[in-house]
Structure formats: C-alpha cells, structure tokens
Amino acid sequence: YFKIIILLFVSIAFCPTTTKFCAETIPPNNDKLFPLSIQVQRLRGGKATAFGQQLQQLQYVVKRDPEGYAGEVASNLQAFRDKVKAWEANPTESQKELGELAIFFAHMSAYFPNIGFVKTELVRILRHNSTSLGHNARFKFCEALTLMCSKKQIPVEELCSIFFSLFRLPDKKLRSYLFFIPPLTPSNG
C-alpha cells in the first residue's frame, strides 16, 4: 500500500521525460496553509485521462479566482458543445471526455451561472438518448446532475423524474448509484 502511494506521488510530481519536479502539477497561487498533498491533483484511481487531469487542475484554480479563468471555462464550454455535436453525429464514438466535461461543469455551475446550457443538454441527452450512451458516460452524466442538484442548480423533482426513467436500463452500476443518491436519501436528523 505504501509503495502505491509513493508511485502515485512520483508519477504526479515528476515530469515523465526528466527527473525534475513539474511545476504544472501544483496550481498557481498556492497558499502556505495547504500541504503539498492537497495541492497535487488526484488521479481518480488511475482512470483519468490527461484531459481529465487538466480539467481537475482548472477546477482547482477556478475555485480560487473565477473571474481570472473565465476564458478557459468559456473555451471548455465550446469544447463541450462541439463534443455533443460530434457525439450526435456519431453515437458510437467514445464519450469519455464528454463525461469529464459534464463533471467539470457541474462543479463550475455555482461560479458561472451562464453555463445552464450544460444542464439542459445533459437532461435532454439522458431523457431522449440514454440507451445510445455508453454506460460510463451515462454514469458521469448522472453524477454531474447529482452535483448540480446538491448545488441547487436543478430541482430535486426534475432529477427524480430523469432518474426514474433510467431505472429501466440494464445497467446495474447505474441502478445501484441511483438507489443511494446523497441529495435524495433521507437523513437521520
């Protein structure tokens, strides 16, 4: 277990071509309050693509300075629109980056109210094209909508109606996720 942690840190903190420390792995404007382990981006169990890691990096710095990174968010919004159009033209194409962009914009929805387009696109795709989506993209879209619901960007009633329609799909992982959604499960309080 200890070897795995060291290998992950080395693979994150050192450039692959040299043995020098990569400055790109640590966000700018780092405070002395946070230890290095918090500032280094996580790998999501080794399943994130390089694009997903860049989005995590951007997400970290946007939370600190939303106005300063509005241009990068706008370019990623255009990339999201382009990827949706490309997916609609060819539904058999991989949707991994589309799912990562959906999660990114779910986190950014509190900082940029003008990205409501993403919410409506996710709802539209899940309502009308849920069977043609890959199971990973469908799961990411549901995670993104759940995040938006927890940030009060989407009403719980709308989320429930979407998720109830997804129960008919033969996706066991998705059904188990939909059964225990944090904003919808009753709390002991």
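Trainee: What makes the charged end of Lys-173 count as sitting over the ring of Phe-139?

Mentor: The charged end of Lys-173 is 4.6 Å from the centre of that ring. The rule asks for NZ of Lys or CZ of Arg within 6 Å of the ring centre and within 35 degrees of the ring normal. Lys-173 is therefore listed as sitting over Phe-139. Arg-81 has its charged end over the ring of Phe-117, 4.5 Å from the centre.

Trainee: What kind of model is this, and which residues count for local features?

Mentor: It is a predicted model, where local features need pLDDT of at least 70 and side-chain atom pairs need 80 or more, while totals for chains, interfaces and linings use all residues. Residues are numbered from 1 along each chain as its sequence is written, and side-chain values use heavy atoms, without hydrogens and water.

Trainee: How do you know what confidence the predictor has in the protein?

Mentor: From pLDDT, the predictor's confidence in each residue, from 0 to 100. Its mean here is 75, and 70% of the residues reach 70 or more. Over residues 1–46 the pLDDT is below 50. That stretch still has 52 contacts in the model beyond near neighbours in sequence. Where pLDDT is low, predicted coordinates should not be read in detail.

Trainee: Why is Val-62 called buried or exposed?

Mentor: Buried means under 20% relative accessible area, exposed means over 50%, and partly exposed lies in between (1.4 Å probe, protein chains only). Val-62 has 0%, so it is buried.

Trainee: Where is Val-62, and what does it touch?

Mentor: Val-62 is in helix H3, residues 50–64. Helices (H or I, at least four residues) and strands (E, at least two) are DSSP runs, numbered from the N terminus. Setting aside residues up to four places away, Val-62 touches Tyr-69, Val-73, Met-108 and Phe-112. Contact means heavy atoms within 4.5 Å. Val-62 and Val-73 are 11 residues apart along the chain, with C-alpha atoms 8.5 Å apart.

Trainee: What makes a set of residues a nonpolar core?

Mentor: The members are buried Ala, Val, Leu, Ile, Met, Phe, Trp, Tyr and Cys residues, joined through side-chain atoms within 4.5 Å. The largest such core has 45 residues. Those with the most contacts inside it are Phe-105, Leu-122, Leu-145, Phe-163 and Leu-166. Elements giving two or more residues to this core include H3, helix H4 (70–89), helix H5 (96–108) and helix H6 (116–128). Phe-163 is in contact with Cys-142, Leu-145, Thr-146, Leu-178 and Ile-181, leaving aside neighbours within four places.

Trainee: Why is the pair of Phe-104 and Phe-105 called stacked, tilted or edge-to-face?

Mentor: Rings of Phe, Tyr and Trp (its six-membered ring) pair if their centres lie within 6.5 Å. Planes under 30 degrees apart are stacked, over 60 edge-to-face, and the rest tilted. By this rule there are 5 aromatic pairs. For Phe-104 and Phe-105, the centres are 5.1 Å apart and the planes at 65°, so the pair is edge-to-face. Both residues are buried. Phe-80, Phe-104, Phe-105 and Phe-117 form one aromatic cluster.

Trainee: How do you know that Glu-97 and Lys-83 meet in a salt bridge?

Mentor: A salt bridge needs a side-chain nitrogen of Lys or Arg within 4 Å of a carboxyl oxygen of Asp or Glu. For Glu-97 and Lys-83, the N to O distance is 2.8 Å. Glu-97 lies in helix H5 and Lys-83 in helix H4, so the pair ties together parts 14 residues apart in sequence. Glu-97 is partly exposed at 31%, and Lys-83 is partly exposed at 27%. The structure holds 5 salt bridges.

Trainee: What makes Glu-88 and Arg-124 a tie between parts of the chain?

Mentor: Their side chains meet in a salt bridge, at 2.4 Å, N to O. Glu-88 is in helix H4 and Arg-124 in helix H6, so the tie joins parts 36 residues apart in sequence.

Trainee: Why is Lys-152 worth a look for its phi?

Mentor: Most residues other than glycine have a negative phi. Lys-152 has a positive phi of about 60°, and it is not a glycine. It is found in the loop between helix H7 (135–150) and helix H8 (156–166). With a relative accessible area of 73%, Lys-152 is exposed.
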